[in-house]
Amino acid sequence: MINLVLFGKPGAGKGTQANFLKEKYNLKHISTGDVFRFNIKNGTDLGTLAKSYIDKGDLVPDQVTIDMLKDEVEKNPDADGFIFDGFPRTDAQALALDTLLEQKNMKIDATIALEADDQVLIKRLVERGKVSGRSDDQDAAKIRNRFEEYNEKTAPLIKYYQDQGKFHSVNGIGSIEEITQRLSAVIDGL
Ligand code: ADP
């Protein structure tokens, strides 16, 4: 079993790469952003709550996100492993993930960060906003706020995983195939 955390700022390409890696390594991909958007589209209570945060570029509260993630893991008891995309994003989420996995005799094998400069990322997000219709990609202030949330709450997790010897980073600039290869090299070396 392999369990991976894909790490990186908004726009780093986590979702794109997860889609390739899940096929290649037969893993279940859980994107918290996708699950929130699915709930918003379907008008669930969770969706309504999440939307009020996502629309501002704020993080959704930890307990809401943690409970949702736990449900997603438990829906897939037969998975050969997971790619966590967009989770954890805070200290509390990282601790909750470790606890959840421990209870199931599982663990995170590696956290792999996709690295790219803010200028490149902002350009990608604005382009994505034009086609995806994502409200949080269409407004410079919301995008800036997401980077601030990342720097404040998510970046400290790098040290959390480094201290466990699980942190890897790859260059997130290049063609999609090149980046998949860089990620694969890390996974194959585990
Ligand atoms: P991106 O990485 O491009 O910002 P995501 O699709 O991963 O986008 O997430 C979109 C939004 O969903 C985030 O800005 C945040 O509001 C919310 N969200 C996603 N994952 C989490 C999480 N782990 N904790 C809190 N909020 C989250």
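## Terms and model

Helices and strands here are DSSP runs, numbered from the N terminus, where a helix (H or I) has at least four residues and a strand (E) at least two. With that in hand, let's walk through the structure, which is a predicted model.

## Around the ligand

A good place to start is the ligand. It is surrounded by 20 residues, and the closest of them are Thr-32, Arg-37, Asp-58, Gly-86 and Arg-128. Sorted by class, this shell holds eight charged, six polar and six nonpolar residues. Helix α2, which spans residues 32-41, gives the most to the shell, with four residues.

Several polar atoms of the protein pair with the ligand. A polar backbone atom of Asp-58 is 2.6 Å from an oxygen atom of the ligand. In the side chain of Arg-89, an N or O atom is 2.9 Å from a nitrogen atom of the ligand. Another ligand oxygen contact involves Arg-146, where a polar side-chain atom lies at 3.0 Å. On its own the ligand has 550 Å² of accessible area, and the protein covers 96% of it.

## The largest pocket

Where does the ligand sit? The space it takes is the largest pocket, which holds about 1000 Å³ of space. This pocket is lined by 48 residues, and those closest to its centre are Gly-11, Lys-14, Arg-89, Arg-128 and Arg-134. Arg-89 thus appears here as well as in the polar contact with the ligand nitrogen, while Arg-128 is also one of the residues closest to the ligand.

Which elements each supply at least two residues of this lining? The strands are β1 (2-7) and β2 (28-31), and the helices are α1 (14-25), α2, α6 (118-132), α7 (140-154) and α9 (176-188). By class, the lining has 19 polar, 16 nonpolar and 13 charged residues.

## The second largest pocket

The second largest pocket contains about 160 Å³ of space. Its lining is made of Arg-37, Ile-40, Lys-51, Ile-54, Asp-55, Gly-133, Arg-134, Ser-135 and Asp-136. Five of these residues are charged, two are polar and two are nonpolar.

Helices α2 and α3 (45-54) each supply at least two residues of this lining. Two names here will be familiar: Arg-37 lines this pocket and is among the residues closest to the ligand, and Arg-134 lines it too while being among the residues closest to the centre of the largest pocket.

## Backbone details in two loops

Most residues other than glycine have a negative phi, and most peptide bonds are trans. Two places in this model are worth a look with that in mind. The peptide bond from Phe-87 to Pro-88 is cis, with omega near 0 degrees. Pro-88 is found in the loop between β3 (81-85) and α5 (91-103).

Asn-26 has a positive phi, near 55 degrees. Its place is in the loop that joins α1 and β2.

How values were computed
Residues numbered from 1 in each chain as written. Predicted model: local features only at pLDDT ≥ 70, side-chain atom pairs only at ≥ 80, totals over all residues. Heavy atoms only, no water. Near = heavy atom within 4 Å. Polar contact = N/O pair within 3.5 Å; in protein donor to acceptor, adjacent residues only side chain to side chain. Areas by Shrake-Rupley, 256 points an atom, 1.4 Å probe, with all protein chains shown as cover. 1 Å grid on protein atoms, 1.4 Å probe; cavity = no way out; pocket = protein on both sides within 12 Å on 5 of 7 lines; lining within 4 Å. Sits in = over half its atoms within 2 Å of the grid points. Nonpolar A, V, L, I, M, F, W, Y, C, P; charged D, E, K, R; others polar. Points joined across faces, edges and corners; volume = space filled by probe spheres on them.
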